[in-house]
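These notebook entries record what I looked up, topic by topic. I begin with the pockets and then turn to the sheet, the helices and the side chains.

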Amino acid sequence: MKKIWLYGNWKMNKTLGDTEEFILSFKDAFTTKQKGYMDIHKKGFLDVTIFPPFTGLFHARELLRREQINFLDIGAQNIYFETSGAFTGEISPLMISDTGCRKALVGHSERRHIFGEGEALIASKVRSCLSNGVIPVLCYGEILEERDKGLTLEIVQRQLLSALQGLDVSEISEKVILAYEPVWAIGTGRSAKPQDAQEVCEYSRAILETIFGGEEASKTPILYGGSVKPSNGKELLIQKDVDGVLVGGASLEVSSFLGILDSYMARE
Ligand code: PEP
């Protein structure tokens with residue numbers, strides 16, 4: 001059985017009350033006996049993680065502890081690379097791990113394109129996560145103009161090399177997750193075709209192989225993100241090199257978030 005990564009990026013959505021409501025209703029839906037998700041999770045074949053805004057991280061972690069929920073994980077949407085200091089408004093990976101969270105999105109397209117984050121900053125963030133015990137979920141992908149010009153693989157290669165080259169395999173082994181997210185597919189309702197997602201994920205794995213070797217490349221999870229929903233989740237998740245999905249809009253409701261997994265599980 002293939003392990004599936006189902007990640008939900010809430011972006012700037014949900015108050016503490018909304019977060020609590022989501023987690024409790026997720027618990028009910030996920031633990032429903034007929035679905036069998038608890039067994040699949042216990043066997044290690046499911047990683048379900050939500051990425052609430054910073055304000056919700058500690059509250060969500062506490063709720064998981066109180067409700068004894070070990071089948072849902074919490075991650076941060078961003079970090080700054082410094083550990084502490086005069087960086088008003090920023091949050092360090094040390095602070096993220098202090099909340100009990102061990103994952104953070106790095107280089108999300110909204111960070112790159114709305115907040116102007118460049119490749120050097122993103123590379124520093126990856127390194128800072130790794131030295132503070134936080135798994136970076138490295139997001140990368142081309143804009144529409146680049147795809148139309150046939151530059152997708154070139155852009156993907158440049159972004160991956162810039163973020164990962166120079167790291168030692170022992171530093172990253174089982175500590176990095178990739179999320180290929182074509183910018184034109186994020187929040188637009190227009191997902192990449194499953195074969196296109198497969199092509200780029202396969203290519204990303206080949207790049208990992210050139211940097212870190214085949215063994216590491218095969219065990220690094222590679223997710224696809226961009227308008228994933230229950231109606232297209234299965235076709236994306238059955239692709240050989242698509243290990244999981246990073247979901248924005250559809251992760252805000254338990255029914256659509258878990259519906260992606262439901263559609264994959266009901267594929268036969
Ligand atoms: C995202 O925010 O990473 C994302 C993929 O968003 P959406 O699913 O809404 O396209």
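**Pockets**

I looked up the largest pocket and found 15 lining residues, with Lys11, Met12, Gln77, Arg111 and Phe115 nearest its centre. I note that the model is a predicted one. The volume of this largest pocket is about 410 Å³. I sorted its lining by class and obtained six nonpolar, five polar and four charged residues.

I then turned to the second largest pocket, for which I have a volume of about 280 Å³. It is lined by 18 residues, and those closest to its centre are Lys3, Trp5, Asp47, Lys103 and Ile177. Which strand gives the most to the lining of this second largest pocket? I found that S2 does, with three residues. The classes in the lining of the second largest pocket are nine nonpolar, two polar and seven charged.

**Cavity**

How many cavities of 30 Å³ or more are there? My count came to one. About 30 Å³ of space lies in the largest cavity. I listed its lining as Gly107, His108, Ser109, Arg112, Cys139, Tyr140, Gly141, Glu181, Val183 and Ile186. At least two of these lining residues come from helix H5 (109–113), and at least two from S5. By class, I recorded four nonpolar, four polar and two charged residues in the lining of the largest cavity.

**Sheet**

I traced an open sheet of eight strands, paired in parallel, in the order S3-S2-S1-S8-S7-S6-S5-S4. Strand S3 (73–74) and strand S4 (103–106) are at the edges; each has a single partner strand, so one side of each lacks a neighbour in the sheet. At the S3 edge, I found two bridges joining this strand to the parallel strand S2 (residues 46–51). Within that pairing, isoleucine 50 of chain position 50 stands opposite isoleucine 74 in S3.

**Helices on strands**

I next asked which strands helix H1 (residues 16–30) touches as it packs on the sheet. The answer is S2 and S3, and the direction of H1 makes about 165 degrees with that of S2. I also looked up helix H8 (residues 152–164), which lies across strand S5 (135–140) and strand S6 (177–180). I noted an angle of about 155 degrees between H8 and S5.

**Aromatic pairs**

I found 13 aromatic pairs in the structure. One of them joins phenylalanine 26 and phenylalanine 30, a stacked pair with 5.3 Å centre to centre and 25 degrees between the planes. I placed both in helix H1, where they are four residues apart and therefore separated by about one helical turn.

**Backbone angles**

Last, I looked up residues with positive phi that are not glycine. Lysine 11 is one such residue, with a phi of about 55 degrees. I located lysine 11 in the loop between strand S1 (4–9) and H1. Lys11 had already appeared in my entry on the largest pocket, among the residues nearest its centre. Glutamine 68 also has a positive phi, of about 50 degrees, without being a glycine. I placed glutamine 68 in the loop between helix H3 (54–66) and S3.

Notes. Residues are numbered from 1 along each chain as its sequence is written. This is a predicted model: local features need pLDDT of at least 70, side-chain atom pairs count only at pLDDT 80 or more; totals for chains, interfaces and linings use all residues. Side-chain values use heavy atoms; hydrogens and water are left out. Two strands pair if DSSP finds at least two bridges between them. Contact means heavy atoms within 4.5 Å. Axes are lines fitted to C-alpha atoms, for helices over the stretch in contact, and angles run from 0 to 180 degrees between N-to-C directions. On a 1 Å grid over the protein atoms alone, a cavity is a set of points where a 1.4 Å probe fits but cannot get out, and a pocket is an open set with protein on both sides within 12 Å along at least five of seven lines; lining residues have an atom within 4 Å of a point. Grid points are joined across faces, edges and corners, and a volume is the space filled by probe spheres set on the points. Ala, Val, Leu, Ile, Met, Phe, Trp, Tyr, Cys and Pro count as nonpolar, Asp, Glu, Lys and Arg as charged, and the others, Gly among them, as polar. Rings of Phe, Tyr and Trp (its six-membered ring) pair if their centres lie within 6.5 Å; planes under 30 degrees apart count as stacked, over 60 as edge-to-face and the rest as tilted.
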